[in-house]
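Reader: I have a model open and want to learn how to read its sheet and its core. Where do we begin?

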Amino acid sequence: MYETLWSFPGGVLGEFERLRRELDDVFGGSGMPSSIRSAAPGAFPAINVGQTPSSVELYAFAPGIDPAKIDVVIDRGVLTISGERASALPRGDAKTSIYNRERASGTFKRAISLPDDVDPGRVNATYRDGVLNVSIARREEAQPKRIAVQ
């Protein structure tokens, strides 16, 4: 029920979320989620997390960012992705009048808890076509083993 209120374009809660984003733009956000939910609608970057028998796969959709400015850190079982996304419109330009801003800009930080069986020493991160893929291998002892029946 509540999810539809957030996603409905003219919904009251959606308007409060838009106002919160605008105030963050004006006064500078703290970098922490200011929503009562763990990830507010439009959280940047959007993330998909999945797993295979041999790895945990994370996809962060972050177009328009220089890969050199993305930080990926694993510390105590938490994967953190952070960086900065430049604004598409210049600030302070007297000739530009902004009446709607839907593209998030500024610093971002997302943290994801990882399963206990991942190996933080075997991580591969690639960025291609605006998608960051982080692949974290699982420990050998945690992987399924085939046992021959005699």
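Author: With the sheet, and bear in mind that this is a predicted model. Strands of a sheet pair through backbone hydrogen bonds, either parallel or antiparallel. Here four strands form an open sheet in the order 1-2-7-6, and the pairing is antiparallel.

Reader: Which strands stand at the edges?

Author: Strand 1 (46-51) and strand 6. Each has a single partner strand, so one side of each lacks a neighbour in the sheet. On average, neighbouring strands are turned by 15 degrees against each other, direction ignored.

Reader: How many bridges join strand 6 to strand 7?

Author: Seven, and the two strands run antiparallel. Strand 6 covers residues 118-128. Take two of the pairs: N124 has S135 of strand 7 as its bridge partner, and Y127 has L132.

Reader: What happens between the strands of that hairpin?

Author: Two residues lie between them. D129 takes a positive phi near 55 degrees in this hairpin.

Reader: Now the core. What is the general idea?

Author: In soluble globular proteins, nonpolar side chains tend to be buried together. In this model the largest nonpolar core has 17 residues. L58 and I81 have the most contacts inside it.

Reader: Which elements give two or more residues to this core?

Author: Strand 2 (55-61), strand 4 (78-85), strand 5 (106-113) and strand 7 (131-138).

Reader: What does I81 touch, leaving out residues up to four places away in sequence?

Author: L58, A60, I70, D71, F108, K109, R110 and L132. L132 is also the bridge partner of Y127.

Notes. Residues numbered from 1 in each chain as written. Predicted model: local features only at pLDDT ≥ 70, side-chain atom pairs only at ≥ 80, totals over all residues. Heavy atoms only, no water. Core = buried A, V, L, I, M, F, W, Y, C linked by side-chain atoms within 4.5 Å. Buried < 20%, exposed > 50% of the residue type's maximum accessible area, 1.4 Å probe, protein only. Contact = heavy atoms within 4.5 Å. Pairing = 2+ DSSP bridges. Axes fitted to C-alpha atoms, helices over the stretch in contact; angles between N-to-C directions.
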